[in-house]
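Student: Could we go through this protein together, one question at a time?
Tutor: Happily! Have a look at it here.

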Amino acid sequence: MATSENESKDTITVYQERLDALDATLASKMDRWSVPALRTAVGVVFIWFGALKILGVSPAGDLVASTVYVLPPEFFVPVLGVWEVIIGICLLYPPLTRVGLLLLALQLPGTFLPMVLLPEVVYTTFPYGLTVEGQYIVKNLVIIAGALVLGSTVRDESASA
């Protein structure tokens with residue numbers, strides 16, 4: 001019986017070692033590819049959303065126009081779109097990451113303005129029930145977190161350049 005228990009423990013140990021090796025491999029791949037994937041994802045989102053504003057087909061266009069009512073929407077929405085496309089391009093090209101992050105830092109606070117200026121558009125029940133527009137705005141917290149990660153890499157990129 002003791003041999004059977006030892007074989008069982010050995011089998012468990014073998015599986016644990018295999019899982020540990022798989023875990024180490026996956027973690028290494030994620031470490032290698034997470035920042036490039038994040039850079040690409042955030043860059044593409046900014047280029048895509050910005051292009052929609054430039055082309056006049058952004059579902060956020062009316063929200064932007066209602067929030068920034070001091071400027072004509074036919075002027076401001078496309079300008080914001082160009083700004084967002086530039087952010088995206090800068091984030092996709094590592095030497096321009098700092099420029100992209102600066103432009104993003106200037107742009108992102110404005111994305112939260114509807115939560116204060118247009119609560120009837122953003123909330124179903126203040127302060128926790130969000131409309132689709134409110135969810136669209138709150139997802140920018142993920143963009144902010146991604147920008148912080150990308151910002152943490154700029155010194156590494158400068159050293160390797």
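Student: In which helix is leucine 117 placed?
Tutor: Good place to start, and keep in mind that this is a predicted model. Residues 113–117 make up one helix, and leucine 117 has its place there. The helix is α5.

Student: Is leucine 117 buried, partly exposed or exposed?
Tutor: Its relative accessible area is 40%. Buried needs a value under 20% and exposed a value over 50%. Leucine 117 is therefore partly exposed.

Student: Which helix gives the most residues to the nonpolar surface patch?
Tutor: The patch covers about 790 Å² and is made by Tyr69, Val70, Leu71, Phe75, Val79, Leu113, Val116 and Leu117. Two helices, α3 and α5, each supply at least two of its residues. The one that gives the most, with three residues, is α5.

Student: What is the distance between the end C-alpha atoms of α3?
Tutor: Let's work from the length of the helix. α3 has 20 residues, and at 1.5 Å a residue they should span 28 Å. The model agrees with that, as the end C-alpha atoms are apart by 28 Å.

Student: Which residue forms a salt bridge with lysine 53?
Tutor: A search of the whole structure finds one salt bridge. Its closest N and O atoms are 3.0 Å apart. The partner of lysine 53 is glutamate 84.

Student: How many residues apart in sequence are the parts that this pair ties together?
Tutor: Lysine 53 lies in helix α1, residues 2–54, while glutamate 84 lies in helix α3, residues 73–92. The pair therefore ties together parts of the chain from two helices. Their separation in sequence is 31 residues.

Student: Are lysine 53 and glutamate 84 buried or exposed?
Tutor: Buried means a relative accessible area under 20%. Lysine 53 has 4%, and glutamate 84 has 6%. Glutamate 84 also appears among the buried residues of α3, including Phe76, Leu80 and Leu91. So lysine 53 is buried, and glutamate 84 counts as buried.

Student: Why are the buried residues of α8 on the same side?
Tutor: The buried residues of α8 are Asn140, Ile143, Gly146, Ala147 and Leu150. An α-helix has 3.6 residues a turn, so residues three or four places apart point the same way. On the other side of α8, Val142 and Leu148 are exposed. The buried residues share a side because they cover an arc around the axis of only 105°.

Student: Where does UniProt place the feature "transmembrane region"?
Tutor: The unreviewed UniProt entry gives several stretches for this feature. In the model, residues 37–55 are 95% helix and 0% strand, and residues 100–117 are 94% helix and 0% strand. The record places the feature at residues 37–55, 75–93, 100–117 and 137–154.

Student: Which residue does a cis peptide bond join to phenylalanine 126?
Tutor: Most peptide bonds are trans. In this bond, omega is about 0°. The partner is found in the loop between β1, residues 123–125, and β2, residues 129–130. That residue is proline 127.

Student: How far apart in space are threonine 67 and glycine 110?
Tutor: Threonine 67 sits in helix α2, residues 61–67, and is buried with a relative accessible area of 8%. In sequence, threonine 67 and glycine 110 are 43 residues apart. In space, C-alpha to C-alpha, the distance is 8.9 Å.

Notes:
Residues are numbered from 1 along each chain as its sequence is written. This is a predicted model: local features need pLDDT of at least 70, side-chain atom pairs count only at pLDDT 80 or more; totals for chains, interfaces and linings use all residues. Side-chain values use heavy atoms; hydrogens and water are left out. UniProt positions are given in the numbering used here, feature names are shortened, and annotations may be inferred rather than shown by experiment. Helices (H or I, at least four residues) and strands (E, at least two) are DSSP runs, numbered from the N terminus. A salt bridge is a side-chain nitrogen of Lys or Arg within 4 Å of a carboxyl oxygen of Asp or Glu. Buried means under 20% relative accessible area, exposed over 50%, partly exposed in between (1.4 Å probe, protein chains only). The arc is that of the directions from the helix axis to the C-beta atoms. Patches are made of residues with over 30% relative accessible area and no salt bridge: like charges are joined within 9 Å, nonpolar side chains (Val, Leu, Ile, Met, Phe, Trp, Tyr) within 5 Å. Accessible areas come from the Shrake-Rupley method with a 1.4 Å probe; for residues, only the protein chains shown count as cover. The expected span of a helix is 1.5 Å times one less than its number of residues.
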